[in-house]
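Colleague: Please pick one part of this model and look at it closely. Tell me what packs against it and what sits at its edges.

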Amino acid sequence: MQAAHLTENIGPDGIHTVDIPEPTPGPDHVVVDLHAAGVSFPDLLQTSAGYQVVRPLPCVLGSEGAGIVRSAPAGSGFTPGQRVAVLAHGGAWQQTVAVDPRSVFALPDHVSLTAAAGMPLNYLTAHFALDERARYRPGETVLVHGAAGGVGVAALNVAAALGLETIAVVSTDDKAEVAGANGATHVIRVDGFKDRVLELTGGRGVDIVLDPVGGDRFTDSLRSLAPGGRAVVLGFTGGEIPIVKVNRLLLKNISVVGAGWGEHIRMLPEYPAEQWNTLEPLLRSGALRVPEPTVYPLTEAADALNSLATRSATGKVALSLR
């Protein structure tokens, strides 16, 4: 089968398309022929050994995809021919994977395999951030930074499906269009966002900030919170890791929490399936939307990653595997 191998930790140029043997499944594995795989910021970090998990080389990158079940053990809940999304911790940038049934998620017929390929990582992260870490309550308002990126788009759609109002923060007109098309209640520019947030909320501020960007905007994010608000740290695509002066937390009884979904599921591998049980009915009803990603062929995996590195990508990026 074809796969994209990372052979050197030199950035995206260290990725090469190769032919490798198909995986040998264990008796409890579901075998899935993938049609597409998601591309995420952790994949970019891994190409330069900059992620918290450094894998031995060569390795197959990617951790999510979607395709058709080839075989499944009795009692797994899956059958050959079924359309599914998967989490593939051993690498998803390959045509076939063998995975634990707890990492396989049944898809409604109306969700395409290319859209579903980029869903598990970002949508389950967004749900984890809102539900488990921010402990959202009905009627709250969420500020989403990087709202036109993969995590941002997922956060807007998950929040909308949960009945939350959102304020999307973007940097360009094109990104504003993406955020508006993905359920944002309001779309504002990053320059002067704090003042605009306070204006939109009548001076109160937002209940939750979701921030996958980091950098120097974080202080103003804290200033944008309402009393009792929660700022959720999702990552640092902007490069710099901000420092919090904790006296700010006392002024309005606000909180700063981390949302390390990957670490959470390492301790609780059954958790993604529990999340899917919550999100799948919303997906099936149409309340939860999953837009089509920007798709690159497997042979252009390096270009797909470079679109994340330059922050030129909007929405989700995926690789076509067949």
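Modeller: Here is a close look at helix 3, its partners and the loops around it.

First, the ground rules. This is a predicted model, where local features need pLDDT of at least 70, side-chain atom pairs count only at pLDDT 80 or more, and totals for chains, interfaces and linings use all residues. Residues are numbered from 1 along each chain as its sequence is written, and side-chain values use heavy atoms, with hydrogens and water left out.

Start with helix 4. Helix 3 spans residues 120–133 and helix 4 spans residues 150–161. Helices are DSSP runs of H or I with at least four residues, strands are E runs of at least two, and both are numbered from the N terminus. The two axes come within 8 Å and cross at roughly 60 degrees. An axis here is a line fitted to C-alpha atoms, for helices over the stretch in contact, and angles run from 0 to 180 degrees between N-to-C directions. Helix 3 and helix 4 are therefore oblique to each other. On this scale, under 35 degrees is roughly parallel, over 145 roughly antiparallel, 65 to 115 roughly perpendicular, and the rest oblique. The crossing is right-handed, meaning that the near helix is turned clockwise from the far one by less than a right angle. Helix 3 brings N122, Y123, A126, H127 and L130 to the contact. Helix 4 answers with G150, V151, A154, A155, N157, V158 and A159. Contact means heavy atoms within 4.5 Å. By class, this contact has 8 nonpolar, 4 polar and no charged residues. Ala, Val, Leu, Ile, Met, Phe, Trp, Tyr, Cys and Pro count as nonpolar; Asp, Glu, Lys and Arg as charged; the others, Gly among them, as polar.

Now helix 10, residues 271–285. Its axis and that of helix 3 are 11 Å apart, at an angle of about 85 degrees. That makes the pair roughly perpendicular. Y123, L124, H127, F128 and E132 of helix 3 meet Y271, P272, Q275, W276, T278 and L279 of helix 10. The classes here are 7 nonpolar, 3 polar and 1 charged.

Next, the core. The largest nonpolar core has 50 residues, and L130, L210, V232, W261 and L288 touch the most other members. Such a core is a set of buried Ala, Val, Leu, Ile, Met, Phe, Trp, Tyr and Cys residues joined through side-chain atoms within 4.5 Å. Buried means under 20% relative accessible area, exposed over 50%, and partly exposed in between, with a 1.4 Å probe and protein chains only. Helix 3 gives this core its largest share, 7 residues. Beyond its neighbours within four places in sequence, L130 contacts R135, Y136, V142, V158, A159, L162, L164, I208 and L210.

R135 deserves a stop. It lies in the loop between helix 3 and strand 9 (141–144). Its phi is positive, about 50 degrees, although it is not a glycine. Most residues other than glycine have a negative phi.

Last, a loop from further along the chain. A259 lies between strand 14 (255–258) and helix 9 (261–267). Not counting residues up to four places away in sequence, A259 touches F128, A129, R133, V232, V233 and L234. A259 is buried, with a relative accessible area of 7%. Its C-alpha atom is 8.9 Å from that of A134, 125 residues away along the chain.
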